[in-house]
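Grab a coffee and open the model in your viewer. Try each exercise by eye before you read its solution.

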Amino acid sequence: MDKIFLSIIICTLNRRKELLNCLCELVEQAAEFSDVEIIIVDNGSTDGTEEAVRKSISNISIPCSYVYEGRPGLSNARNAGRSKARGEVLAYIDDDAIPHSDWVKRVREHFLTRSSDCLAGRVGLKLETSLPEWFPSDLLWVLGESRFGEQERMLTEEESPQGQNFALKAGVFDVIGGFDPRMRLYSDEVEFFRRVHARGFTIAYRPDIAVDHFVSTSRLCKKALRKKAFMMGQGAAVMQILRSSDLLNRLGWATKYFLLASRVGLAWFVRPRFDREFTFYFDLGYLYRILSGE
C-alpha cells in the first residue's frame, strides 16, 4: 500500500449535487499524485448521498472512501474524517466549495516546501443568482468570502482559517485534540484554531490556494440570513461559555449583548439597513445562548 501524504476530507450533509461537483474536481486533480487520498464523511444525509458517492468512487484509481458519522455536528464529522485519514497532512474542504484547478497541487507543495503548521486558503463566492440590492458588500464574509487580503502572510492570534478551505499537519490536529463536539453551530473552527494559536503553532494564509463557495438562491433571502445570524450568535456564545462558565461572567456578557442588541435594534428601526438587521439577530442569538446555557 502506497504511503499517503495528503488526506482530503469533505464533510457533507444533504448536498448531494454540490458534493459530487466538488468530488469530481478533486478526483481529477488528485489523480496526478500517488500519495493523495479523499475521504467523504456523511453526517447523516437523507438525500441519497451514500448511494451517489459509492457509485461515483467505484471506478476511480485514487484511494477514496466513504464514512458515515451519525452523531450530528460538523465537529463530529471533521473528527471522524481525521480518524479515517492516513495522511501526514489533513486538508478540509466544504461539500459546496469548488477548488481551483491547482488546489490539490498547491496544498501538497505547501506542506512539502513551507514551514507553517497550518494553512488557510482563500475563499471566493460563486452565487447562483446576483446579490439582492439590499445586501451590503461589507457582509460578503457572511457568505464565506475571505477577509485576509491578497498577500501571503501569517495569520494573527485573532484570525482563524475558514472552514471551507484549510489544512494542517495531522500531528497538530492530534495535539490539539480535534474539534470540540459541543460546538454544534458556528465558530467551531474559530474555537479550534484559538487552541492552535495558544499552543504556538503557525498558520499561513495563501490567497493562491483558493476555492469558490457556492451560494444558492435560497440562502440569499432575508429569512435564511436572519436564521444564520441567530445561529452564528449562539455559536459565538457557546465558545465563550466553554472558556468560562462563571455565573458573574455570564451576567456580564448578557448585559453587554442586551445593550448591543438594543442599540443596533434602535438604529435598524430608525434607519433600516440589512447589516443592522443581521447584527441585531446575531446579538439576539448570543444573548439567548448565554442566558439558556450550552
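Below are five exercises, each followed by a worked solution.

This is a predicted model, so to speak a calculated one: local features need pLDDT of at least 70, side-chain atom pairs count only at pLDDT 80 or more, and totals for chains, interfaces and linings use all residues. Residues are numbered from 1 along each chain as its sequence is written, and side-chain values use heavy atoms, with hydrogens and water left out.

**Exercise 1. Get the overall picture**

Work out how many helices and strands the chain has, and what its radius of gyration is.

- Start with the elements: there are nine helices and nine strands. Both are DSSP runs numbered from the N terminus (helices are H or I with at least four residues, strands are E with at least two).
- Next, the radius of gyration, taken over C-alpha atoms, with a globule rule of 2.2 Å times the number of residues to the power 0.38. For 294 residues a compact globule would come out near 19 Å, and the chain's 20 Å agrees with that.
- Then box it in: along the principal axes, the C-alpha atoms fill roughly 60 × 40 × 40 Å.
- Last, 52% of the 294 residues are buried. Buried means under 20% relative accessible area, exposed means over 50%, and partly exposed is in between (1.4 Å probe, protein chains only).

**Exercise 2. Follow a salt bridge between distant parts**

Find the partner of Arg86 and say why the pair ties together separate parts of the chain.

- A salt bridge here is a side-chain nitrogen of Lys or Arg within 4 Å of a carboxyl oxygen of Asp or Glu. By that rule the count is 22.
- The partner is Glu37, at 3.3 Å from N to O.
- Arg86 sits in the loop between helix H3 (74-84) and strand S4 (89-94), while Glu37 is in strand S2 (residues 36-42), so the bridge joins parts 49 residues apart in sequence.
- Check the cover: Arg86 is partly exposed at 38% relative accessible area, whereas Glu37 is buried at 4%.

**Exercise 3. Trace a network**

Start at Asp208 and find which residues are linked with it in a network of salt bridges.

- Asp208 pairs with Arg206, and their closest N and O atoms are 2.7 Å apart.
- Asp208 is partly exposed, with a relative accessible area of 31%; Arg206 is buried, at 6%.
- The network links Asp102, Arg106, Arg114, Glu152, Arg206 and Asp208.

**Exercise 4. Look at a buried arginine**

Which side chain of opposite charge is nearest to Arg276, and which residues does Arg276 contact beyond its sequence neighbours?

- Locate Arg276 in helix H9 (residues 274-292).
- Arg276 is buried but has no salt bridge; Asp275 is the nearest side chain of opposite charge, 5.0 Å away. For charge, Lys and Arg count as positive and Asp and Glu as negative, with His and the chain ends not counted.
- Contact means heavy atoms within 4.5 Å. Leaving aside neighbours within four places in sequence, Arg276 touches Val264, Ala267, Trp268 and Arg271.

**Exercise 5. Check two positive phi angles**

Where are Asn14 and Ser187 found, and is each buried or partly exposed?

- Asn14 has a phi of about 55°, positive although Asn14 is not a glycine. Asn14 is in the loop between strand S1 (6-12) and helix H1 (16-30), and is partly exposed at 36%.
- Ser187 has a positive phi near 75° and is likewise not a glycine. Ser187 lies in the loop between helix H5 (170-176) and helix H6 (188-198), and is buried at 12%.
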